[in-house]
Amino acid sequence: MKKVIVVILVLIFLVLSVLSCQNKEEKVVEEKCEPKTEKKLEMYQMSEMAALMEQMYVDNQRLKERIIKGDTIGQFPQHFMKIHKAVMTDESDNDAFFKEQAAKFIKAQELIYKDPENAKEHFNNGIDACIKCHQQKCGGPIPRIKKLYIKE
């Protein structure tokens, strides 16, 4: 009697194992056969102003290093003057406040080249103008801009 029960249990175990494996294979096949949906990727188009600001950021990183090392500063980058005319993502942002901050930024930047003895102070004043504007207009880049400050 014990042998019969053992044989029946072994058979039940084998049948369940085979059925279990078949179910797993069917699930795998079902998953593989599902059609994949493609997501459309949209490329971000940087506005003229955003591209200019990115370039000014890079230029100021380099300028910061030259000021810290005491190297010659060079000449004021004329492409900074495009800040007054560059097309913005949202043209309503080109208001009196922006124009005032842009003028402060340009003045501080020009002073770096005209008065290199106080370059660090003028540089940080330019960064202040950037941050004040971004606090009103677009706060996202503020942490990145703050990294430009020349610390004591």
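Let us start with H134, a residue of helix 4 in this predicted model. H134 counts as buried because its relative accessibility is 13%, and the cut-off for buried is under 20%. Setting aside neighbours within four places in sequence, H134 is in contact with M53, G139, P141, I142 and I145.

From here we can step back to helix 4 as a whole. Helix 4 runs over 119–136, and its 18 residues should span 26 Å at 1.5 Å a residue; the C-alpha atoms at its ends are 26 Å apart, so the expectation and the model agree. H134 has company among the buried residues of helix 4, which also include A119, H122, F123, N124 and G126. Further along, I127, A129, I131 and C133 are buried too. Helix 2, helix 3 and helix 5 are among what covers these buried residues.

Next comes the core. The largest nonpolar core holds 28 residues, and I67, I83, I112 and F123 have the most contacts inside it. At least two residues of this core come from each of helix 2 (48–69), helix 3 (96–114), helix 4 (119–136) and helix 5 (142–146). Take I112 as one example: leaving out neighbours within four places in sequence, I112 is in contact with L63, I67, I73, A119, H122 and F123. Two of the names in that list, I67 and F123, are themselves among the residues with the most contacts inside the core.

I83 makes a good second example, and you will find I83 in the loop between helix 2 and helix 3. Is I83 buried or exposed? I83 is buried, because its relative accessible area is 5%, and buried means under 20%. Not counting residues up to four places away in sequence, I83 touches M49, L52, M56, F98, A102, F105 and I106. One of these partners, A102, is 19 residues from I83 along the chain, and the C-alpha atoms of the two are separated by 6.8 Å.

Finally, let us look at the open space. The largest pocket has a volume of about 680 Å³. Helix 2, helix 3, helix 4 and helix 5 are the elements that each give two or more residues to its lining, and helix 2 provides the largest share, 7 residues. The lining has 30 residues in total, and M49, A50, M53, H134 and P141 lie nearest the centre of the pocket. By character, the lining residues divide into 20 nonpolar, 5 polar and 5 charged. This brings us back to H134, which is in contact with M53 and P141, both also listed nearest the pocket centre.

How values were computed: Residues numbered from 1 in each chain as written. Predicted model: local features only at pLDDT ≥ 70, side-chain atom pairs only at ≥ 80, totals over all residues. Heavy atoms only, no water. Core = buried A, V, L, I, M, F, W, Y, C linked by side-chain atoms within 4.5 Å. Buried < 20%, exposed > 50% of the residue type's maximum accessible area, 1.4 Å probe, protein only. Helix = DSSP H or I, 4+ residues; strand = E, 2+ residues; numbered from the N terminus. Contact = heavy atoms within 4.5 Å. 1 Å grid on protein atoms, 1.4 Å probe; cavity = no way out; pocket = protein on both sides within 12 Å on 5 of 7 lines; lining within 4 Å. Points joined across faces, edges and corners; volume = space filled by probe spheres on them. Nonpolar A, V, L, I, M, F, W, Y, C, P; charged D, E, K, R; others polar. Expected span 1.5 Å × (residues − 1).
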